[in-house]
Amino acid sequence: MERIYDFLKQNKDLAFATVGSDGKPKIRVFQMMKIDEQTNTLYFATSPQKEVYVQLRSKSAVELLAMAGNISVRISGGAMFNVSDEICREIYNTNPVLSRLYKGYQDLAYFSLPIVALDYFDLSTTPPTLTNHKF
């Protein structure tokens, strides 16, 4: 798992898919804000004014994909909005883009994504490497 987490730390911009109110997939690029390797949990922040926030509150199912070169990591799980105030402050204070876009940490909605399943795929090996993890 260490190599997978190292890969994710280096590739924080992720294709992030949710389920829209019409039942169809909706995808956008999201930046991962924090990884807790002990609990296999990723953390994110968004504006409560955005459509993605409404989608996550309605249907928490998420799938995301990070890719660089010949390596991709696909993760699935469910968004949870019970992030502690301490972690919210940490995320806001350690991600400069947030303070540039929002006046204070309270202006954002923070959510965690406990990883349910993860696929690591490496096309640079022969044969290609596919590792599946279930949590």
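The legends below describe close-up views of a predicted model.

**View 1. The hairpin of strand 1 and strand 2.** Strand 1 (residues 13-19) and strand 2 (residues 25-31) run antiparallel and are joined by 7 bridges. Valine 19 of strand 1 has proline 25 of strand 2 opposite. Between the two strands of this hairpin there are 5 residues. Glycine 23, in the turn, has a positive phi of about 80°.

**View 2. Glycine 23 and its surroundings.** Glycine 23 belongs to the loop between strand 1 and strand 2. Its relative accessibility is 48%, so glycine 23 counts as partly exposed; the range for that class runs between 20% and 50%. Lysine 59 is 36 residues away from glycine 23 in sequence. In space, the two residues are 9.5 Å apart, C-alpha to C-alpha.

**View 3. The two sides of helix 1.** Helix 1 spans residues 2-10, and its residues Ile4, Tyr5, Phe7 and Leu8 are buried. These residues lie on the same side of helix 1 because they cover an arc of only 155° around the axis. An α-helix has 3.6 residues a turn, so residues three or four places apart point the same way. Glu2 and Gln10, on the other side of helix 1, are exposed. The buried residues of helix 1 pack against several strands, including strand 1, strand 3 (34-36) and strand 5 (61-68). Strand 6 (71-78), strand 7 (109-122) and strand 8 (129-134) are also among the elements that the buried residues of helix 1 pack against.

**View 4. Strand 6 between strand 5 and strand 7.** Strand 5 and strand 6 run antiparallel, with 8 bridges joining them. Their hairpin has 2 residues between the strands, and glycine 69 there takes a positive phi near 60°. Strand 6 also pairs with strand 7 in the antiparallel sense, over 7 bridges. Arginine 74 of strand 6 is the bridge partner of leucine 65, and arginine 74 also stands opposite aspartate 119 in strand 7. Strand 6 is largely enclosed by the rest of the structure, because 6 of its 8 residues are buried.

**View 5. Threonine 46 in strand 4.** Threonine 46 is part of strand 4. Its relative accessibility is 3%, so threonine 46 counts as buried; the cut-off for that class is under 20%. With neighbours within four places in sequence left aside, threonine 46 contacts Phe30, Val52 and Tyr53, among others. Leu108, Ala109 and Phe111 are also among the contacts of threonine 46.

**View 6. The largest pocket and its lining.** The largest pocket holds about 250 Å³ of space. It is lined by 15 residues, of which Phe30, Gln31, Met33, Ala45 and Lys50 are the closest to its centre. Strand 2, strand 4 (41-46) and helix 4 (96-101) are the elements that each give two or more residues to the lining. Strand 2 gives the most, with 4 residues. By class, the lining of the largest pocket consists of 10 nonpolar, 3 polar and 2 charged residues.

Conventions: Residues numbered from 1 in each chain as written. Predicted model: local features only at pLDDT ≥ 70, side-chain atom pairs only at ≥ 80, totals over all residues. Heavy atoms only, no water. Pairing = 2+ DSSP bridges. 1 Å grid on protein atoms, 1.4 Å probe; cavity = no way out; pocket = protein on both sides within 12 Å on 5 of 7 lines; lining within 4 Å. Points joined across faces, edges and corners; volume = space filled by probe spheres on them. Nonpolar A, V, L, I, M, F, W, Y, C, P; charged D, E, K, R; others polar. Buried < 20%, exposed > 50% of the residue type's maximum accessible area, 1.4 Å probe, protein only. Arc of directions from axis to C-beta. Contact = heavy atoms within 4.5 Å.
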